[in-house]
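Got the viewer open? Let's take a walk through this one, a stop at a time.

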Amino acid sequence: MRTDLEKEAPNVVTEPGFRQFLAKGYQAEVVCQVEAYRKASVWYGEWIVRVVNDEQTFEKVLVTTPRRLGDADEVKVRVFKTINGLSSFMHAMGFAHLDVPFRQGGRSVQAIPGETVDSQGS
């Protein structure tokens, strides 16, 4: 028997649902869980992503696609451990830029840009 994520964990969303919320105008909030540090030329840390509305009264945490484990499905919060992984994911979701919090507890709200207007105003 499959687990219905909306009934079992209404505060989570998988990637397809995340895309749907973004298409409806919701925003993504990047949350730094572990302070970022640089090793060689790579930034490491831990970031999660949530989908939120403008007032931030609605929120769902991005989770991995459920995996079948016996009679139950396993759902894990999707954690990005490098800024490269986070930026690659956000770019694939349609974001044109990314503001990444470096300190633990830091948050940054991201919006997918609407139609852009060139410098001539056309």
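## Stop one: where two helices meet

Start by selecting E15, F18, R19 and L22 in α2, then add F89, A92 and M93 in α3: these are the residues through which the two helices touch. Sorted by class, that contact holds 5 nonpolar residues, 2 charged ones and no polar ones. Bear in mind as you look around that this is a predicted model.

Now show the whole helices, residues 15–23 for α2 and residues 83–93 for α3. Two packed helices are described by the angle between their axes and the distance between the axes. Here the angle is about 55 degrees and the axes are 11 Å apart. The pair is therefore oblique, α2 to α3.

## Stop two: zoom out

Switch to cartoon and colour by secondary structure. You should find 3 helices and 8 strands. Following the chain along its sequence gives α-β-α-β-β-β-β-β-β-α-β. How much of the chain is buried? Of its 122 residues, 34% are. Turn to contacts between residues at least 6 apart in sequence, and 57% of them join residues at least 24 apart.

## Stop three: β2 and its partners

Select residues 27–39, which is β2, and then residues 42–52, which is β3. These two strands pair antiparallel over 10 bridges. To see one of the pairings, pick C32 and look across to W47, its bridge partner in β3.

Next add residues 107–110, strand β8. β8 also runs antiparallel to β2, and 4 bridges join the two. Show the β8 side chains and watch them alternate: S108 and Q110 point to one face and are buried, whereas R107 and V109 point to the other face and are not buried.

## Stop four: E29, a glutamate in β2

Which residue of β8 stands opposite E29? Select V109 and you have it. E29 itself sits in β2. Is E29 buried or exposed? Its relative accessible area is 2%, so E29 counts as buried. Draw a distance from the E29 side chain to the side chain of R107: there is a polar contact there, at 3.4 Å.

For the full neighbourhood, leave out residues up to four places away in sequence and select what E29 touches: I48, V49, R50, V52, Q56, R107, S108 and V109.

## Stop five: V31, further along β2

V31 is in β2 too. With a relative accessibility of 7%, V31 is buried. Setting aside residues up to four places away in sequence, V31 touches E46, W47, I48 and R50, as well as G106 and R107. Try a C-alpha to C-alpha distance from V31 to S108: the two are 77 residues apart in sequence, yet 6.7 Å apart in space.

## Stop six: along β3

Hop over to E46, which lies in β3. E46 has a relative accessibility of 23%, so this residue is classed as partly exposed. Beyond its neighbours within four places in sequence, E46 contacts V31, C32, Q33 and V34, and also V79, F80 and K81. Its C-alpha is 7.3 Å from that of A36, a residue 10 places away in sequence.

β3 has further partners to show. Select residues 80–82, strand β7: 2 bridges join β7 to β3, and the strands run antiparallel. Within that pairing, Y44 has T82 as its bridge partner in β7. Then select residues 59–62, strand β4, which is antiparallel to β3 with 3 bridges. In that pairing, R50 is matched with V61.

## Last stop: two turns

Most residues other than glycine have a negative phi, and most peptide bonds are trans. Which residue in the hairpin of β2 and β3 takes a positive phi? Select A40, where phi is near 60 degrees; 2 residues lie between the strands of this hairpin. A40 is not a glycine, and yet its phi is positive. You will find A40 in the loop between β2 and β3, and at 72% relative accessibility A40 counts as exposed.

Finish at the hairpin formed by β3 and β4, which has 6 residues between its strands. In that turn, pick Q56, whose phi is positive at about 55 degrees. Q56 is also one of the residues E29 touches, so with both selected you can look back to stop four.

Terms used. Residues are numbered from 1 along each chain as its sequence is written. This is a predicted model: local features need pLDDT of at least 70, side-chain atom pairs count only at pLDDT 80 or more; totals for chains, interfaces and linings use all residues. Side-chain values use heavy atoms; hydrogens and water are left out. Axes are lines fitted to C-alpha atoms, for helices over the stretch in contact, and angles run from 0 to 180 degrees between N-to-C directions. Angles under 35 degrees count as roughly parallel, over 145 as roughly antiparallel, 65 to 115 as roughly perpendicular and the rest as oblique. Contact means heavy atoms within 4.5 Å. Ala, Val, Leu, Ile, Met, Phe, Trp, Tyr, Cys and Pro count as nonpolar, Asp, Glu, Lys and Arg as charged, and the others, Gly among them, as polar. Buried means under 20% relative accessible area, exposed over 50%, partly exposed in between (1.4 Å probe, protein chains only). A polar contact is a pair of N or O atoms within 3.5 Å; within protein, one must be able to donate a hydrogen and the other to accept it, and residues adjacent in sequence count only if both atoms are side-chain atoms. Two strands pair if DSSP finds at least two bridges between them.
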